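Me: I'd like a close look at one part of this chain, and then a walk outwards from there. Keep it chatty, but give me the cut-offs as you go.

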Amino acid sequence: MKKQPSVAVIGAGMSGLSCATALQAAGWVVRVFDKSRGPAGRMGTRRGEGWQWDHGAQYFTARDPRFQAELARWQAAGVAAVWTPRLAVIGDEDRHHPQAELQRFVGVPRMTAPGRFLADALPLALQCTVSAITRTAQGWALRTQEQGDVPERFDALVLAVPAPQAVPLLNAVAPDVAAVAGQARMRACWTLLLRYDTPLQLPLDAAFINQGPLRWVARDQSKPGRLPAPDTWVLHASADWSQAHVEADAEEVASAMLAAFADLGAPAPQAWTAHRWRYADTEPALHLEHCWDRHRQLGLCGDWLNGGKVEGAWLSGHGLARAMAQP
């Protein structure tokens, strides 16, 4: 009987989960490692007592038939639904004008739900930071910060992490693959999470902001299945502003973002929390879908390889798995 091939997938964001799911379905023995406390990556949700905010990806779309089929599976499982907010564009509409007919989807009851749905069917090691990779005669070997050397050896290795995190892992073992990741220029995003004791009287649930430090604002309670908290809002700063203030302290960032939100008619919140996504998007976007080195049995996937967004991440992982499964 032919031995089932084994693979280690580093990263439990959408691309890593998509790749691992497809490989497991193709008969591979899969193990997923992630440094965080939970899966889903930048499809993240911050939670408190009676409060929650989708502080990463705000929604996603589905244009490719392969992703549309996966989304239908998520909807059937009750972990995704259509979101129809009162959506505004503030500032120069030529910079971003949302398509009226575009369907937007969110995870239910929070944005992490599709990722957790996929992760539930996978062997997943959390709070496990892979610090070194080595190619041995027995296969790929991993070392983690928390637990030292992983005892297993893997026939193949997938890095489903932001490009700047992939490069140092790859430099010594695959400099040419590291060079692919080195092409990506990922930018930061400052996020502000606001709590209000009473609902804001604003004529919108979400808005693209094309002026000042803000890029996006959204009322979390407008999304389906959310907690019945009084009012929570998510503010995302623009990529350029975030990158220019990437090392600023949270108080300085919050002051500027709250002032811009006040210009929209919003009062000061009862409480706020700042979160910095150091690797939020890629500019310019790469359109490679994925990277697969068959000789080394080494792959890369992620939204940064496929034009960004949740759909791009899923397609990147799915495409890599298909390439790996080919004889």
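How many of the six residues of strand 10 (residues 139-144) are buried?

Reply: Five of the six residues of strand 10 are buried, so call the strand mostly covered. Buried here means under 20% relative accessible area, with exposed over 50% and partly exposed in between, from a 1.4 Å probe on protein chains only. Before going on, a word on the ground rules: this is a predicted model, with local features needing pLDDT of at least 70 and side-chain atom pairs counting only at pLDDT 80 or more, while totals for chains, interfaces and linings use all residues. Residues are numbered from 1 along each chain as its sequence is written, and side-chain values use heavy atoms, with hydrogens and water left out.

Strand 10 has strand 9 (residues 130-136) as an antiparallel partner, over six bridges. Strands are DSSP runs of E with at least two residues, helices are runs of H or I with at least four, and both are numbered from the N terminus. Pairing means that DSSP finds at least two bridges between two strands. One of the matches is I133 with L142 in strand 10, and a hairpin of two residues joins strand 9 to strand 10. Strand 10 also pairs with strand 11 (residues 148-149), again in the antiparallel sense, over two bridges. There T144 has G148 as its bridge partner, and the hairpin from strand 10 to strand 11 goes through three residues.

Now for the sheets elsewhere in the chain. One is an open, mixed sheet of six strands in the order 8-2-1-12-19-18. Strand 8 (124-125) and strand 18 (290-293) sit at its edges with a single partner strand each, so one side of each has no neighbour in the sheet. Strand 2 (residues 29-33) runs parallel to strand 8, joined by two bridges, and F33 has A125 as its bridge partner. Helix 8 (residues 309-325) lies across strand 1 (6-10), strand 12 (156-159), strand 18 and strand 19 (298-301), at about 25 degrees to strand 18. For that angle, axes are lines fitted to C-alpha atoms (for helices over the stretch in contact), and values run from 0 to 180 degrees between N-to-C directions. Contact means heavy atoms within 4.5 Å.

P39 belongs to the loop between strand 2 and strand 3 (46-48). At 9% relative accessibility, P39 is buried. Leaving out residues up to four places away in sequence, P39 touches A12, L17, G115, R116, A119, L124 and L126.

Another open sheet of six strands, also with mixed pairing, has the order 6-14-15-16-13-17. Its edge strands are strand 6 (87-91) and strand 17 (271-282), each pairing on one side only. On average, neighbouring strands in this sheet are turned by 15 degrees against each other, direction ignored. Strand 6 and strand 14 (residues 206-210) run parallel, joined by five bridges, and I90 is matched with I209. Helix 7 (residues 250-262) lies across strand 13 (186-196), strand 15 (214-219), strand 16 (231-237) and strand 17, at about 70 degrees to strand 13.

On to the rings. The structure has eleven aromatic pairs. Rings of Phe, Tyr and Trp (its six-membered ring) pair if their centres lie within 6.5 Å; planes under 30 degrees apart are stacked, over 60 edge-to-face, and the rest tilted. Y59 and W83 make a tilted pair, because their centres are 6.2 Å apart and their planes stand at 50 degrees. Y59 is in the loop between strand 4 (51-53) and helix 2 (65-77), and W83 is in strand 5 (residues 80-83), 24 residues apart. W83 is buried, at 2% relative accessible area. F60 and F67, with centres 6.1 Å apart and planes at 65 degrees, are edge-to-face. F60 is buried at 2%, and F67 is buried at 0%. Ring pairs also tie F60, F67, W74, F105 and W314 into a cluster.

Charges join in too: R104 lies over the face of Y59, 5.3 Å from the ring centre, and the charged end of R195 sits over the ring of W51 at 4.3 Å from its centre. The test is NZ of Lys or CZ of Arg within 6 Å of the ring centre and within 35 degrees of the ring normal.

Last, the cysteines. There are zero disulfides, a disulfide being a pair of cysteine sulfur atoms within 2.5 Å. For C19, the nearest cysteine sulfur is that of C301, 4.8 Å away. C19 is buried at 0%, and C301 is buried at 0%.
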